[in-house]
Amino acid sequence: MAITQTSIIPGTGLGTIKFGFSREQVKSLLGEPDEVDEEVEGHIRKEKSEAWHYDDLELSLGFEESDGWRLGSLSVTSDEYLLHGKALIGLNRLEAIRALNGMGMDDLEYDNLDPDQDMIASESTGIILWLDEGRVSEIQWSPLLVDDYTIEWPA
């Protein structure tokens, strides 16, 4: 399957794939995923989630039962995906920060998770860049939040 949805749209989705889509809507666009990871978290209130992986597309999609199994996160690992027309996969930390600043993201937060992995996040756009050994290896994003508990689903 060739990548046809390459434009990362913060808060909205990927090309014509929009946050809030049902699992059936995603399947109608992308077909069956190569792999589905199911998780259950929580001791008292069990939170179920699924991560769908499309290996050839280097694309993963997240769904949570608490959101009515609507699409709530996306992540990509190929430099074919573009944010505001720019490929970020493969950039070093400074190049990534400059690129995000150039896109108007001035609320960047940084976290060093272990010696080989860093994270750069913009809360206002829902964008997270994961860096392995100093280079962007994954872009993850989600819909925007109205408040701490309310998702602003795209129209």
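**Exercise 1.** In this predicted model, state whether Arg135 is buried, partly exposed or exposed, and find the salt bridge that its side chain joins.

*Solution.*
Step 1. Arg135 has a relative accessible area of 42%. Partly exposed covers the range between under 20% (buried) and over 50% (exposed), so Arg135 is partly exposed.
Step 2. The side chain of Arg135 meets that of Glu95 in a salt bridge, at 3.8 Å from N to O.
Step 3. This pair links distant parts of the chain, with Glu95 in helix α2 and Arg135 in strand β13 (residues 135-141), 40 residues apart.
Step 4. Glu95 is also partly exposed, at 36%.

**Exercise 2.** Which residues of helix α2 (residues 93-102) are buried, and where do they sit around the axis?

*Solution.*
Step 1. The buried residues are Ala96, Ile97, Ala99 and Leu100.
Step 2. Their arc around the axis is only 165 degrees, so they lie on the same side of α2.
Step 3. An α-helix has 3.6 residues a turn, so residues three or four places apart point the same way.
Step 4. Arg98 and Gly102 are exposed on the other side of α2.

**Exercise 3.** How many salt bridges does the structure hold, and which parts does the pair Arg23 and Glu50 tie together?

*Solution.*
Step 1. There are three salt bridges.
Step 2. In one of them, the side chains of Arg23 and Glu50 meet at 3.2 Å, N to O.
Step 3. Arg23 belongs to helix α1 (residues 23-30) and Glu50 to strand β5 (residues 47-54), so the pair ties together parts 27 residues apart in sequence.
Step 4. Glu50 has a relative accessible area of 13% and is buried.

Methods: Residues are numbered from 1 along each chain as its sequence is written. This is a predicted model: local features need pLDDT of at least 70, side-chain atom pairs count only at pLDDT 80 or more; totals for chains, interfaces and linings use all residues. Side-chain values use heavy atoms; hydrogens and water are left out. Buried means under 20% relative accessible area, exposed over 50%, partly exposed in between (1.4 Å probe, protein chains only). Helices (H or I, at least four residues) and strands (E, at least two) are DSSP runs, numbered from the N terminus. The arc is that of the directions from the helix axis to the C-beta atoms. A salt bridge is a side-chain nitrogen of Lys or Arg within 4 Å of a carboxyl oxygen of Asp or Glu.
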